[in-house]
Amino acid sequence: MRNTHFSLSNLQGEDSFIFDMQTISRMEILILDALNWRMRSVTPFSFVHFFISLFHLKDPPLTQALKDRATQIIFQAHNEMKLLKFKPSIIAASALLVASHELFPLQFPSYKCSISSCECVNREKLEKCFNAVQEMVEMEWSESILDTVSSTRTPLSVLDRHCTKSSSASETTSISASALPEKRDTKRRKRIDYYSNCK
């Protein structure tokens, strides 16, 4: 697509195939028609700048921090099967909301209203996607706690390693069990009130 400097001789092989410019143009149009003239894939990254502009952030470092965190979440969401049913724009909006909830909890309600009031956003799908993305981030957080706790003690032997993993897994489960309900309750309350500020 980007190679504008090429000659017709580049397409002529050593075989007996000879192509003229008219044939090549017809083939290009045939391919473009088959693709409905969609020559680039649309990803959530295409919408991040648009949604950030709705927040009217004045501080460039804060804007960059929000963009960086949303980008991390989008990369994380790439492997999440539950998110395949959502449009790239909804995933971008959800990632930005989760990032803003983490970084700027006080401004989160106004950011939420800014995105929700956008006429191109389906609020019901946004809420579902936001919940799925937040669950994914919480799961990543709990797994990082598990990794941190399990790496605090160095095993002396293979048997010790097995015992360490078993005991650290049970310790981490109890830590996660005690730490996560409080966080989940907070998240659940926030999800229940998710759209109450916009009504």
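Start with the whole chain and its contacts. Of the contacts in the protein chain with a separation of 6 or more, 73% join residues 24 or more positions apart. Keep in mind that this is a predicted model.

**Whole chain**

Colour by secondary structure. The protein chain shows 7 helices and 0 strands. Read from the N terminus, the order of elements is α-α-α-α-α-α-α. Now switch on the surface. The accessible surface of the protein chain is about 13900 Å², and carbon and sulfur atoms hold 58% of it. Of the 199 residues in the protein chain, 30% are buried.

**Confidence**

Recolour by pLDDT. The protein chain has an average of 76, and 64% of the residues reach at least 70. Select helix α4, residues 88-103: its mean pLDDT of 94 is the highest among the elements. Then select helix α7, residues 158-192, where the mean is the lowest, at 48. Narrow the selection to residues 160-181. Here the pLDDT stays below 50, and the stretch has 21 contacts in the model beyond near neighbours in sequence.

**Helix α1**

Go to residues 21-34. This is helix α1, with 14 residues. Its end C-alpha atoms lie 20 Å apart, which agrees with the 20 Å that 1.5 Å a residue should give. Step on to N36, which follows α1 and has a positive phi, near 55°.

**Nonpolar core**

Which residues have the most contacts inside the largest nonpolar core? Select I73, L83, I115 and V133: they have the most contacts inside this core, which holds 33 residues. Helices α2, α3, α4, α5 and α6 (123-150) each supply at least two of the core residues. Helix α4 gives the most, with 9 residues. As background, nonpolar side chains tend to be buried together in soluble globular proteins.

Centre on I73. Set aside its neighbours within four places in sequence. The contacts of I73 are then A95, V98, A99, V133, M136 and V137. V133 appears here as a contact of I73, and V133 is also listed with I73 among the core residues with the most contacts.

**Helix α4**

Return to α4 and show its side chains. Is this helix mostly covered or mostly open? It is mostly covered, with 13 of its 16 residues buried. From first C-alpha to last, α4 reaches 22 Å, close to the 22 Å expected at 1.5 Å a residue.

Zoom in on S100, a residue of helix α4. S100 counts as buried because its relative accessibility is 0%. Leaving aside neighbours within four places in sequence, S100 is in contact with L66, P105, F108 and Y111. Keep Y111 selected for the next stop.

**Aromatic pairs**

Show the rings of the aromatic residues. The structure holds 5 aromatic pairs. Select F45 and F75. Their ring centres are 5.1 Å apart and their planes meet at 50°, so the pair is tilted. F45 sits in helix α2 (residues 45-53) and F75 in helix α3 (residues 60-77), so to speak distant parts of the chain, 30 residues apart. Check the accessibility of each ring's residue. F45 counts as partly exposed, at 36% relative accessibility. F75, at 54%, counts as exposed.

Move to F55 and Y111. How are these two rings arranged? They form a stacked pair, 4.2 Å centre to centre, with 15° between the planes. F55 lies in the loop between α2 and α3, while Y111 lies in helix α5 (residues 108-116), so the pair ties together parts that are 56 residues apart in sequence. F55 counts as buried at 6% relative accessibility. Y111 is buried too, with a relative accessible area of 6%. Add F104 to the selection: F55, F104 and Y111 form one aromatic cluster.

**Helix α6**

Finish at R123, which is found in helix α6. R123 is partly exposed, with a relative accessible area of 32%. Draw a distance from its C-alpha to that of I90. The two residues are 33 apart in sequence and 9.3 Å apart in space, C-alpha to C-alpha.

Technical notes
Residues numbered from 1 in each chain as written. Predicted model: local features only at pLDDT ≥ 70, side-chain atom pairs only at ≥ 80, totals over all residues. Heavy atoms only, no water. Phe/Tyr/Trp six-rings, centres within 6.5 Å; stacked < 30°, edge-to-face > 60°. Helix = DSSP H or I, 4+ residues; strand = E, 2+ residues; numbered from the N terminus. Buried < 20%, exposed > 50% of the residue type's maximum accessible area, 1.4 Å probe, protein only. pLDDT = per-residue confidence, 0-100. Contact = heavy atoms within 4.5 Å. Areas by Shrake-Rupley, 256 points an atom, 1.4 Å probe, with all protein chains shown as cover. Core = buried A, V, L, I, M, F, W, Y, C linked by side-chain atoms within 4.5 Å. Expected span 1.5 Å × (residues − 1).
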